[in-house]
Amino acid sequence: MGMAKEHFVLVHGEGHGAWCWFKLRWLLEGSGYRVTCIDLAGGGVDPTDPNTVGSFKQYDKPLIDLISTLPEGEKVILVGHGAGGLSVIHAMHEFVDRISQAFFVAATMLPFGFQSDEDKNDGLPTLPENEIELTLGEAAGDPPTTVALRPEFQRERLSQQSPEEESVLASMLMRPWPATAISTASFEGDDERLNRVKRIFIKTERDHMLDPEQQDSMIKKWPPSEVLVIDTDHSPFLSAPEQLFNLIVKSL
């Protein structure tokens, strides 16, 4: 494939934003690729209050809007991290013919989103109550509108192998994520149609956010075209960007 023509769209996970991809973006652009990093609703510098994001459709609208405005015939390569995998799946359902490949970097990879408690056990982080801050809904009994990792636990959960100064920067940029919108993501469609898109899963062996066992379970239930392994924490775009870059470009 021609080095100058592929267009990567990088999709962040829960609590993150377009900012988290800065190293990978630099490496890709330096090799001649086009790169777009997006902020989902309530993420990064998007002005939406994440507490007002009530549905996955609303949360994912920036990605869907981006792909819907691509020039006729242009295809993109999607790279999702964490819950960004759900956004990638959503886009595959909506625009299967506009996506040439999909990479899941320690990302939720479920063909129809969350259809059962078993899906949630596979695709959502299990975080102890003492490590998170919840913003509760207005009425008694309402589910929390947002979840945030407490700052003192962020490095150990997300980026324990990354340079410490980058963990500090990440803690300054992270935002609460819309818990209900993400945990209720579900899609209708045909998995045979989805299988027209080449999927590559990049498993993170030292992940404290989405356990390797959870990743293995999703891989087993919906085998991708290729499984690659990287010996890092949940955030290889910070802890091992060159390795992540090499894995991606060698799979094109």
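In which helix is methionine 172 found? Methionine 172 belongs to helix α7, which covers residues 164-173. Before going further, please keep in mind that the model you are looking at is predicted.

**A nonpolar patch at the surface**

Methionine 172 is a nice place to start your tour. With a relative accessible area of 64%, this residue counts as exposed, because the cut-off for that word is over 50%. Together with Val168, Leu169 and Leu173, Met172 makes a nonpolar surface patch of about 370 Å². As a rule, residues three or four places apart in an α-helix point the same way, because such a helix has 3.6 residues a turn.

**A helix on the inside**

Helix α4, made of residues 84-94, gives you another setting to look at. Here 10 of the 11 residues are buried, so the helix is largely enclosed by the rest of the structure. Among those buried residues are Gly84, Gly85, Ser87, His90 and His93. The buried set also includes Leu86, Val88, Ile89, Ala91 and Met92.

**The two sheets**

Next, have a look at the strands. One open sheet has six strands in the order β2-β1-β3-β4-β8-β9, and their pairing is parallel. At its edges stand β2 and β9, each with a single partner strand, so one side of each has no neighbour in the sheet. On average, neighbouring strands of this sheet are turned by 20° against each other, direction ignored. Within this sheet, β1 and β3 are joined by four bridges in the parallel sense, and valine 9 stands opposite leucine 78 of β3.

The other open sheet has three strands, ordered β5-β6-β7, with antiparallel pairing. Its edge strands are β5 and β7; each has a single partner strand, so one side of each is left without a neighbour in the sheet. Strands β6 and β7 pair over two bridges in the antiparallel sense, and valine 147 has tryptophan 177 in β7 as its bridge partner.

Here are the two strand pairs side by side:

| Strand pair | Sense | Bridges |
|---|---|---|
| β1 (residues 7-11) and β3 (residues 76-81) | parallel | four bridges |
| β6 (residues 146-149) and β7 | antiparallel | two bridges |

**What the record adds**

An unreviewed UniProt entry places the feature "domain: AB hydrolase-1" at residues 8-245. Over residues 8-245, the chain of this model is 36% helix and 18% strand. The C-alpha atoms at the two ends of that stretch are 12 Å apart.

How values were computed:
Residues numbered from 1 in each chain as written. Predicted model: local features only at pLDDT ≥ 70, side-chain atom pairs only at ≥ 80, totals over all residues. Heavy atoms only, no water. Pairing = 2+ DSSP bridges. UniProt positions renumbered as here; feature names shortened; annotations may be inferred. Patch = residues over 30% accessible without salt bridge, like charges linked within 9 Å, V, L, I, M, F, W, Y side chains within 5 Å. Areas by Shrake-Rupley, 256 points an atom, 1.4 Å probe, with all protein chains shown as cover. Salt bridge = Lys/Arg side-chain N within 4 Å of Asp/Glu carboxyl O. Buried < 20%, exposed > 50% of the residue type's maximum accessible area, 1.4 Å probe, protein only. Axes fitted to C-alpha atoms, helices over the stretch in contact; angles between N-to-C directions.
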